Amino acid sequence: MDSRLNTFKVEGLPFQFYNDPVYGVTIITAFNCLPSDIKMFFEMFSKTKDLDCDYEDWLQEDKVWAFTVRLFNLDKDFYTKNNLFHKALFFFFVYRNSKMTPQTISTIAHESLHGTISVFSNAGIELSEESEEAFTYYTGFLSEVISVSISKLIEKK
């Protein structure tokens, strides 16, 4: 496993966190956790409830295998206490297989692009010929963070 990425766990939450100092975003990966854990996270740590998706509908395993939520207005007390940024990307993946299958890799890439679009949109960067390499690099970076995080979460099972 790649040790260059320093993901960490916040006490009491079954998620992996990684701080991206370049764009000031905390990347949060949740894997095979209870819907109640995700609900608690959003209710306690998201200042606004205007999320870019209705996660409660999406937490049904027969409907979705993964989703991404952009959180750019978070409860500062929790984030300051845990040394995290006030902006975050939340990635959720349902457990289907303990190995990195082609479907898993494809889904990580798919969700990583959603994350890249959110971060770059917030930073005012539009996709163009000049920014294409930045988009692809950041999508690869997010894919790596998520893959390492999922591997760590699988190991703890």
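**Exercise 1. The chain as a whole**

How many residues does the chain have, and what percentage of them count as buried? Work out the order of helices and strands too.

*Solution.* Keep in mind that you're looking at a predicted model. Start with the burial: the chain has 157 residues, and 46% of them count as buried. Next, the surface: about 8600 Å² is exposed, with carbon and sulfur atoms supplying 51% of it. Now list the elements: you should find five helices and four strands. Walking along the sequence, you meet them as β-β-α-α-β-α-β-α-α. Finally, look at the contacts with a separation of 6 or more: 63% of them are between residues 24 or more positions apart.

**Exercise 2. How far to trust it**

Which element of the chain has the lowest mean pLDDT, and which has the highest?

*Solution.* First take the chain average: the mean pLDDT is 78, and 76% of the residues reach 70 or more. Then go element by element. Helix α2 (residues 55-58) comes out lowest with a mean of 60, while α5 is the highest at 90.

**Exercise 3. Building the sheet**

In what order do the four strands sit in the sheet? Find the edge strands as well.

*Solution.* Trace the neighbours one by one and you get β1-β2-β4-β3, an open sheet with mixed pairing. Now check the ends of that order: β1 (15-20) and β3 (66-71) each have a single partner strand, so one side of each has no neighbour in the sheet. On average, neighbouring strands are turned by 15° against each other, direction ignored.

Next, see where the mixed pairing shows up. β1 and β2 are antiparallel and share six bridges; in one part of this pairing, F17 has I28 of β2 as its bridge partner. On the other hand, β2 (residues 25-31) and β4 (residues 87-93) run parallel, joined by seven bridges. Here A30 stands opposite F92 in β4.

Last, look at the turn in the hairpin of β1 and β2. Four residues lie between the strands, and G24 takes a positive phi near 65°.

**Exercise 4. Strand β2 and its cover**

Which residues of β2 point one way, and which point the other way? Then find the helices that lie on the sheet.

*Solution.* Start from a rule of thumb: side chains in a regular strand alternate between the two faces of the sheet. In β2, you find V25, I27, T29 and F31 on one side, with T26, I28 and A30 pointing the other way. Now check burial: seven of the seven residues in β2 are buried.

What about the helices? Helix α4 (residues 102-123) packs on the sheet and touches β2, β3 and β4, with its direction at about 165° to that of β4. Helix α5 (residues 132-155) lies across β1, β2 and β4, and runs at about 45° to β2.

**Exercise 5. Rings between two helices**

What kind of aromatic pair do F120 and F135 form? Do the classification for F120 and Y138 too.

*Solution.* To describe two aromatic rings, you need the distance of the centres and the angle of the planes. By the ring-pair rule, the count is seven aromatic pairs. For F120 and F135, the centres are 4.5 Å apart and the planes make 65°. Angles over 60 count as edge-to-face, so this pair is edge-to-face. F120 belongs to helix α4 and F135 to helix α5, so the pair ties together parts 15 residues apart in sequence.

For F120 and Y138, you get 5.6 Å centre to centre and 40° between the planes, which makes the pair tilted. This one also links helix α4 to helix α5, across 18 residues.

Are these rings buried or exposed? Buried means under 20% relative accessible area. F120 has 0%, F135 has 9% and Y138 has 3%, so each counts as buried. To finish, follow the ring pairs outward: they link Y18, Y23, F120, F135, Y138 and F141 into a cluster.

**Exercise 6. A tryptophan in a loop**

Where is W65 found, and is W65 buried or exposed?

*Solution.* Locate W65 in the loop between α2 and β3. Its relative accessible area is 10%, so W65 is buried. Then compare W65 with T104: they are 39 residues apart along the chain, and their C-alpha atoms are separated by 9.3 Å.

How values were computed. Residues numbered from 1 in each chain as written. Predicted model: local features only at pLDDT ≥ 70, side-chain atom pairs only at ≥ 80, totals over all residues. Heavy atoms only, no water. Pairing = 2+ DSSP bridges. Helix = DSSP H or I, 4+ residues; strand = E, 2+ residues; numbered from the N terminus. Axes fitted to C-alpha atoms, helices over the stretch in contact; angles between N-to-C directions. Contact = heavy atoms within 4.5 Å. pLDDT = per-residue confidence, 0-100. Phe/Tyr/Trp six-rings, centres within 6.5 Å; stacked < 30°, edge-to-face > 60°. Buried < 20%, exposed > 50% of the residue type's maximum accessible area, 1.4 Å probe, protein only. Areas by Shrake-Rupley, 256 points an atom, 1.4 Å probe, with all protein chains shown as cover.
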